[in-house]
Every structure is written in C-alpha cells, then in structure tokens.
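Reader: I'm new to this and would like to learn how to read a structure. Could you walk me through one, feature by feature?

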2 protein chains.
Amino acid sequence: MNIGLDMMGGDFAPLEAVKGLQLYMQNNDHAASLFCIGDEAQVGPLLEENGLNAPNIRLVHAPEVIGYHEHPTKALKEKQRSSIAIGFHLLATGKIDAFVSAGNTGAMLVGAMFTIKAVEGVLRPTISTVMPKLNGGTGLILDAGLNADCKPEQLNQFAILGSLYAQWMLNIDNPKVGLMNVGEEEGKGNLVTQSTYPVLKENTRINFIGNIEGRDLFNDKADVIVCDGFTGNIILKMAESVYDIATQRGYGSDAYFTRFHYENYGGTPVLGIAKPVIIGHGISEARAFKNMIHEAEKMIQTGLCAKIAEQFSA
Amino acid sequence: MNIGLDMMGGDFAPLEAVKGLQLYMQNNDHAASLFCIGDEAQVGPLLEENGLNAPNIRLVHAPEVIGYHEHPTKALKEKQRSSIAIGFHLLATGKIDAFVSAGNTGAMLVGAMFTIKAVEGVLRPTISTVMPKLNGGTGLILDAGLNADCKPEQLNQFAILGSLYAQWMLNIDNPKVGLMNVGEEEGKGNLVTQSTYPVLKENTRINFIGNIEGRDLFNDKADVIVCDGFTGNIILKMAESVYDIATQRGYGSDAYFTRFHYENYGGTPVLGIAKPVIIGHGISEARAFKNMIHEAEKMIQTGLCAKIAEQFSA
C-alpha cells in the first residue's frame, strides 16, 4: 500500500511533515510505503538528517508549492508541478492509494472533486470531523464546512457516508444517526431539517434515532451527527475553542479536553470521492501528520471508498 | 415600578419563585413592587412562611396553570385565569411594567407577540442569550431560537435590537456587531449570511465589524453576535453543555465555567415587543428568579422598550 504525503503543506512544512513521518516509522505497525512529495532540495536533507532512508520511503520531486491564499482552481491548473497537483496525479493514476496534505484546503477539495471525482450516485462529497464523547467514545459530525447550504437528499447521503465511516474507521457497530436540530420532536427545526427528518426516517440503510440538540454533541445519543456545512463548521470551531478555553483556564492536560485538540484526530477525510484523500489542519505538527498517515492507512485497509461505492450503486 | 412574577412557572414553582423573590428583597437595591401571580392557596402560605409580607409585595390570584406540554395558543385562549394569561393582561393594561415567567415558553412568546405586540417596524421579535467572554466581559447572541429561518432584513433588525440591549442592559458603549459565519472574509457563508453581510455593512446605526466564526464566541471580537435562531439555539445549548462538561470533569467551581450556568444570567428578554417580558429556564431556581427580577427592573429603568421604539420609528 502506497501513501502520498504532501511535504510542503501546512504552516510548519516541511519539517513537521518529516517529523510526523518519523513518528509513524517508529511505530511497530506501520504498513505503508510513503511517497514524500515536495521540493527535493528542502525535503531530501531533512529526511536524511532524521534517518528516514528506509526503502519504503521515496522522495517525489515537486518544485512548486500552492500557497495558502492562492485561488484553488487557478493554482491547481497553473502549478502542475506543485506537491498537491502531483499528489492528485499519482493518486488518479494508481501510483499511490491515498493522498494526505495539510496544504491549501480549497486546492485539496478541488483536486479531490475534479481529479479523483465523486463516487457515482454521490450528489456532493463532504468533510467530517470527530467529536470526543464524555464517555470516552468518538462521534462524527458531517458536513463540517464543505457544503454551507444543503438539501434534504444531500443530508441523507451524508448520513450514509458518515455511518460507513463510523462503522469501518471508528469501529462503531450499527452507528446511531442523529439530525442536528433545535428540538427533539419531529416537526421541529428550520425548513431544511423539517424536510430532512422524514427522509432520514425512511432510510432503511441507516440507524436513525431522530433529532439531537446542541447539548447532545458530547453525550452518547448519536454516533453520526448530520447537519449542513454552515452549522457543522460553527460547531467544529466552537468545539476547538473549548480546548483553548480549557488550556487558558489551566485544564489543558485534562484527559477529556485534550481530546478536543485537532492533533489527536489528525485530518479530515473527503467522503464520497472515489479514493482516500485526507486534509490536515494548516497548523499541523508532527503528531497530526502521523495520525493522518494512520488514517489513510486504515482507509486503504478497510476499503472504505469501495464500500461507499457499493452502497451508492445498490 | 411594578413587576409581575409568575409564581407557577418552572419545574420548581412555586417554591423557587418565592425563594427568588426573597433573595431579591434581601438586596438593598430592590426598587420594584412585585405582583406575585399564582394560586392563592399554594403561594399565600409560602410567602407568609418566608416572611414576604412587605407592602410592595401583593398576591394576584390565578387559579389555573398552563403546563409545559400544552399547546401555547390554545392554552392561552382557554385558560384565561392562568398565571401567564393574567400576567399578560396586567402588562397590557399597564398594571405592571414588566412580566417575568419561567413557565411554558411557547405561551410566553405567544402572549408577548399577540397580547403585547411587536414594536412598530419590527418584522419579528427575537430572543437572545448572553455569552461569557474569557476576558470577563459579556456578549449577546441573537436570535437564540425563536426564528429558525431568517431573512437578511430580519438579521439586520436583530443587530439593532441586540446593540440597544448591549448598550443599555450590558453597559457596552458602541457595541461591536459580528455576523456568525464560517469564514472571516465578505462573501463567505451560506446564502443567508452572504446576503446579510452587505446589509449589515450599510447599516450606519450599528458598529458592524464583519464576520465572526465559531471560535470567536468567547473572545472579544464582537459584543453582539447575529445569527438565525437555528444556529443560535445550537450554539446556546452547546455553550450550556460546556458548563455540564466542566462540572463533570471536576471544574464546576471554576470562575469562568460558572458563568455558563443559566442561573447567573437569569432569563431571556423578548426583544422587539412593546413592553418588557422575560422568559426563564424551565429548571429555574431561586437565583435565576432573583436575576430575572433584576433584569426586568433594569429594562424598566433604562426604558429599553421605548428606546427600541424610537430607533424603529426614526
């Protein structure tokens, strides 16, 4: 199994990408070969210095970098020798089985949707984020910001995509799906959630448990929380701020609050596209990179994308 | 100044309402006469037992109660001798200057909107909630759940209503208004926030500082946070759960987390209606009742409703 790692993505690239790779290699259970995509002159010596010269690590030269503020579509088109463009090329042509980057999020999404493409039947790919539950478990919320406005049928598909992710990646059997809403009863909500409830209720492929509320994000009511990307993005950023608040109040080492730190979950998979693509936080450091590689590895091992394609073709 | 207090509203009524009143009376700065609206047989002895027989406390008999699960409009119509119906009647006829209840929220809103009515020019009244800032300050978020779907012009009015509340009730000079969104730049967001941004930008009556994100809820970027009631209600309930999490993790006495507890801010005013109406949490205990009475007192003293009417007639 081959994983492509963008060495040039993220605020602390390439050093933290290299260190993350080192952490990954130090683990006994590393199974993948790594394609390190980046500027040879910068990345080569760093790999060398950090003892990363195993046969399963190879450097793929990418002389260009897509910056944070570049226009995604334009940059991907014009910088074909950038680490992100090369990563998607390798993924599309089957040289690698997954692509991981903490670079320009927009460019990653454009690459995922236009170079790799959505699974047939998927209306809109989505991104998700995990939510640490108070009981020690992990929930998933999607969409986390890719699709600001959503139609009921899209939310219904997110419920299926999220359920598959929860089942195969988080090992949750028959995951409970909740619709993020402002009241428990059917009929509550805004126009979109009011129309979405009956669609989810009729979907026999998911374990729909009804509406959940803002207070249920961290309890055990639902494993998969479905909402539009506007709502999901606000929740995600608010949850991230809980970690910052806890730290500022002196509880940064609390076992629960620590789980809100993005480093611990690594990156965000783009769900609903044909191959594994994982997007990292711009501020990713070593541990986040390591976790993203593990996540990519697991997506390949479980065959998640094939399972998604199967569901949507049925 | 006369304040009507629904003695029968809330899970722990009438006892906690009585105790809240007692706390209020123990304060040196109590300025209001209280109309205690409730069942004479239940409330009378409790007032007596708790030494609440001052001349500025009078009991108004209301033999009926609107329960939590009753249909608001139907209940208000059929139970004209309920504490909520009598409260609104007293407010509408000028016998009291503000009405406070922790009873059936729907009935309170129906009463506020149909017995008291919206200020002329206000498209939709709104409810708000306060957000404790890390720097010790207090922000306001609205709508907190009354209007799930909102049009840009409604959000623009919420910005004005929230600014007036922040200025007069929270003593914030020239309050900064932020639009709750998923990115900082103009153009980001869902269809509603994209169309709302330019409307807020052009409004010279508010101090619009642009978009804010989920991570900015507790920092000092904005004093007044504008969003639709769907978003606001999820944020509000998520913020309330922060207090529960902190308590469960053993930090319940932390000075900052404590400020997330609903008791400390009392109740939610219905903004945009002609007279002061404050709705309490169903689980209100003594301190919440006391704070709601103080809030009503301040709304009367500052003449907030008149200031709102002035703005909307200009």
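Author: Sure, let's begin with a pair of helices, keeping in mind that this is a predicted model. In chain B, helix 4 brings Ile84(B), Phe88(B), Leu91(B) and Ala92(B) up against Ala107(B), Met108(B), Gly111(B), Thr115(B) and Ile116(B) of helix 5.

Reader: What kinds of residues make up the contact of helix 4 of chain B with helix 5 of chain B: nonpolar, polar or charged?

Author: Seven are nonpolar and two are polar, with no charged residues in that contact.

Reader: And how do I describe the way two helices sit together?

Author: Two packed helices are described by the angle between their axes and the distance between the axes. Here, helix 4 (residues 83-92) and helix 5 (residues 105-116) of chain B pack at about 30°, and their axes are 10 Å apart.

Reader: Are helix 4 of chain B and helix 5 of chain B roughly parallel or roughly antiparallel?

Author: Angles under 35 degrees count as roughly parallel, so helix 4 of chain B and helix 5 of chain B are roughly parallel to each other. As for handedness, helix 4 of chain B passes helix 5 of chain B in a right-handed crossing.

Reader: Let's zoom out. Which domains does chain A have?

Author: The domain assignment gives domain 1 (1-118 + 272-314) and domain 2 (123-262) of chain A. Their C-alpha centres lie 26 Å apart. Where they touch, domain 1 of chain A puts in 15 residues and domain 2 of chain A puts in eleven residues.

Reader: Which helices of domain 1 of chain A supply at least two residues each to that side?

Author: Helix 5 (105-116), helix 10 (286-302) and helix 11 (304-313) of chain A each do. The side of domain 1 of chain A that touches domain 2 of chain A has nine nonpolar, four polar and two charged residues.

Reader: Now the two chains. How is chain B laid on chain A?

Author: Try turning one copy until it lands on the other. A turn of 180° with a shift of 0.0 Å along the axis lays chain B on chain A with an RMSD of 0.0 Å. The two copies are therefore related as by a two-fold rotation axis. Thr231(B) is the residue of chain B that comes closest to that axis, with its C-alpha at 3.2 Å.

Reader: How many residues of chain B are in contact with chain A?

Author: 31 residues of chain B are in contact with 31 residues of chain A. Helix 8 (residues 229-248) of chain B gives the largest share of chain B's side, 13 residues. That side divides into 16 nonpolar, eight polar and seven charged residues. Both copies use the same surface, as 100% of the contact residues of chain B recur in chain A.

Terms used. Residues numbered from 1 in each chain as written. Chains lettered and ligands numbered in written order. Predicted model: local features only at pLDDT ≥ 70, side-chain atom pairs only at ≥ 80, totals over all residues. Domains from an automatic or database assignment. Contact = placed C-beta atoms within 7 Å. Helix = DSSP H or I, 4+ residues; strand = E, 2+ residues; numbered from the N terminus. Nonpolar A, V, L, I, M, F, W, Y, C, P; charged D, E, K, R; others polar. Least-squares fit on C-alpha atoms with pLDDT ≥ 70 in both. Axes fitted to C-alpha atoms, helices over the stretch in contact; angles between N-to-C directions. Parallel < 35°, antiparallel > 145°, perpendicular 65-115°, else oblique. Left-handed = near helix turned anticlockwise from the far one by under 90°.
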